[in-house]
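This report describes a single chain, beginning with one of its internal spaces and moving outward to the cores, the fold and some individual residues. The sequence and structure come first.

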Amino acid sequence: MKQLLNLLAAIALLVWGTHLVRTGILRVFGANLRNVLAHSVSNRWTAAISGLGVTALVQSSTATALIVSSFVGQGLVTLPMALAVMLGADMGTSLMAVVFSFDLSWLSPLFIFVGVVLFVSRQSNPLGRFGRILIGLGLMLLALRLIAESTELMTHSPVVKALLGSITSELLLEITVGAFLSLVAYSSLAIVLLTATMAVSGLMPLEPALGLVLGANLGSGLLAVLTTAKSAVEVRQVPLGNFVFKAIGVLLAAPLIGLWLRHVRPYVHDTATVVVLFHLSFNILVAIVFIGLTQPVARWVSRWLPKPDKSRVAGRPHHLDPSALATPSLAISCAAREALHQADIVETMMVGMLAVIKTNDLKLAEDLRKLDDSVDELYSAIKYYLTKISREALGEEESRRWTDIISFTINMEQIGDIVERVLIDIEDKKIKKSRSFSEAGMAEICELHARLIDNLRLGMSVFLNGSVRDAQKLLEEKARFRDLERAYASTHLTRLSGNTVQSIETSSLHIDLISDLKRINSHICSIAYPILDSAGALAPNRLRQAQLAEAPPTIL
């Protein structure tokens with residue numbers, strides 16, 4: 001019983017070490033890995049190579065699947081290219097299994113010691129996160145040694161031999177067990193290494209061990225499918241396509257295990273090497289066979305999981321991928337995309353607002369007011385999603401981006417509220433009372449509205465790209481808009497003194513409207529402040545200057 005507990009503890013340590021390495025590398029190099037994948041999909045072969053390299057570092061094809069799936073959701077990568085990346089990712093994780101099959105236990109104490117020193121002393125910077133990676137590698141190597149020791153002692157137990165004999169008597173059962181263990185451990189790499197160690201110790205015959213390896217491959221594909229089950233359709237298509245490759249590959253390879261052993265075993269005497277080489281050979285052959293079939297498989301998957309009509313889900317969150325939360329840089333990107341989706345709805349409300357003013361369309365006004373509920377819903381969803389991202393896992397730049405997204409969504413939510421109140425005023429004070437603005441007054445409103453739309457689009461660009469130059473331009477627009485609002489308020493008073501009937505009837509509404517447009521513009525221009533502040537482009541006395549500019553003149 002004690003030896004069984006020791007084995008289970010060693011397996012848990014192996015899984016935990018793999019998790020530390022995966023999350024550590026994603027936290028340190030996450031943005032760079034995403035850039036590598038995004039810029040390496042010019043053709044299927046380079047896409048596969050980039051997937052191999054990234055997964056060899058991350059040690060998880062599931063993590064790579066989540067990253068590349070997000071690219072498909074953003075429209076940055078086509079589905080066939082994403083499937084090619086996944087073929088390379090599977091080769092990458094099997095290549096790491098070969099590396100870990102060698103006796104590297106002497107590195108374990110060195111990695112753990114150096115990793116702990118770096119992590120404790122520099123926990124909040126990239127060097128401390130690199131220490132976390134070293135700790136994970138050291139724990140993996142230590143766990144493999146402990147597994148070898150535990151399984152060697154367990155080989156003498158008759159009960160264990162009888163149990164394993166019943167499990168490994170049927171190929172289909174071996175594949176099922178391997179897939180189940182891979183799902184439970186959240187890592188096919190850990191299960192392949194465990195299987196290799198058990199085969200070396202004699203706890204498991206070689207041929208059933210290869211059946212478990214096939215099951216581990218199938219389980220890793222199923223794991224990615226389950227992990228993205230609640231994600232957008234575009235995100236779910238990539239793991240499903242990769243699972244199709246694995247399932248067909250397992251069906252083709254299962255009857256050939258004996259043939260493979262007969263040809264390879266005479267040349268490879270180390271049992272562990274046989275197991276990991278089988279794992280590597282399987283994934284290389286799957287990649288070679290299916291690299292030319294990514295297009296038809298992509299068409300199959302697109303038919304099985306058709307993309308929904310985006311017009312029907314305009315107000316619902318469809319970029320907040322729960323599976324991306326394990327990769328903070330990826331989750332931040334998802335939240336930013338959803339914030340832009342929220343801004344698109346706000347823009348729709350603002351454009352429609354002018355149409356309501358011109359046409360007195362009550363039905364359109366009602367539809368636009370309902371969109372404010374969508375804006376509020378998106379604000380709540382984005383805020384809740386961001387709170388689930390571990391702030392400790394974010395670097396300095398990502399933490400700043402986290403704050404920028406929160407600020408941006410707050411401004412969009414407040415703009416939506418203002419537009420809703422404007423529409424209510426238009427309905428009550430203009431449409432229902434059959435009033436209209438004077439020709440000059442309407443021209444002023446149109447001019448302010450056009451500037452407002454341009455500033456909103458510029459603000460969205462500033463939020464997306466972080467351009468300091470555009471942020472400065474946006475802040476300059478705030479002063480111009482304020483001056484224009486004052487000038488138009490003055491010309492409206494001039495029209496009142498001329499006893500223009502239309503101006504008199506809509507005076508209160510006109511003044512309130514241009515004031516509300518100014519408030520909307522202030523919220524838009526607020527997008528520039530975090531960008532300029534982080535770049536050090538805000539003057540220390542900016543607030544005081546703004547107060548002086550807006551204060552009324554003192555009468556002596």
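R401, D404, S407, F408, N411, F463, I527, P530 and I531 line the second largest cavity. Two elements each give two or more residues to this lining: helix 17 (396-431) and helix 22 (528-534). Helix 17 gives the most, with five residues. By type, the lining divides into five nonpolar, two polar and two charged residues. Here Ala, Val, Leu, Ile, Met, Phe, Trp, Tyr, Cys and Pro count as nonpolar, Asp, Glu, Lys and Arg as charged, and the others, Gly among them, as polar. The volume of this cavity is about 60 Å³, and the structure holds three cavities of 30 Å³ or more.

A cavity is a set of points, on a 1 Å grid over the protein atoms alone, where a 1.4 Å probe fits but cannot get out; lining residues have an atom within 4 Å of a point. Grid points are joined across faces, edges and corners, and a volume is the space filled by probe spheres set on the points.

The model is predicted: local features need pLDDT of at least 70 and side-chain atom pairs count only at pLDDT 80 or more, while totals for chains, interfaces and linings use all residues. Residues are numbered from 1 along each chain as its sequence is written, and side-chain values use heavy atoms, with hydrogens and water left out.

The chain has 23 helices and zero strands. Both are DSSP runs numbered from the N terminus (helices H or I, at least four residues; strands E, at least two). Of the 556 residues in the chain, 52% are buried. Buried means under 20% relative accessible area, exposed over 50%, and partly exposed in between (1.4 Å probe, protein chains only). Among contacts (heavy atoms within 4.5 Å) between residues at least 6 apart in sequence, 81% join residues at least 24 apart.

The largest nonpolar core has 83 residues, of which L14, F100, L214 and V275 touch the most other members. Helix 4 (residues 79-100) supplies the largest share of this core, 14 residues. Another core, of 70 residues, lies apart from it and includes I332, F481, Y488 and L509. Such a core is a set of buried Ala, Val, Leu, Ile, Met, Phe, Trp, Tyr and Cys residues joined through side-chain atoms within 4.5 Å.

D516, in helix 21 (residues 507-525), is a buried residue with a relative accessible area of 14%. Leaving aside residues up to four places away in sequence, D516 touches I418 and V422.

There are zero disulfides in the structure, a disulfide being a pair of cysteine sulfur atoms within 2.5 Å. As for two of the cysteines, C334 is buried at 3% relative accessible area, whereas C446 is partly exposed at 22%.

Two loop residues have a positive phi without being glycine, as the table sets out.

| Residue | Phi | Loop | Relative accessible area |
|---|---|---|---|
| N360 | near 60° | between helix 15 (328-359) and helix 16 (362-387) | 31%, partly exposed |
| S434 | about 55° | between helix 17 and helix 18 (439-465) | 68%, exposed |

Technical notes. 1 Å grid on protein atoms, 1.4 Å probe; cavity = no way out; pocket = protein on both sides within 12 Å on 5 of 7 lines; lining within 4 Å.
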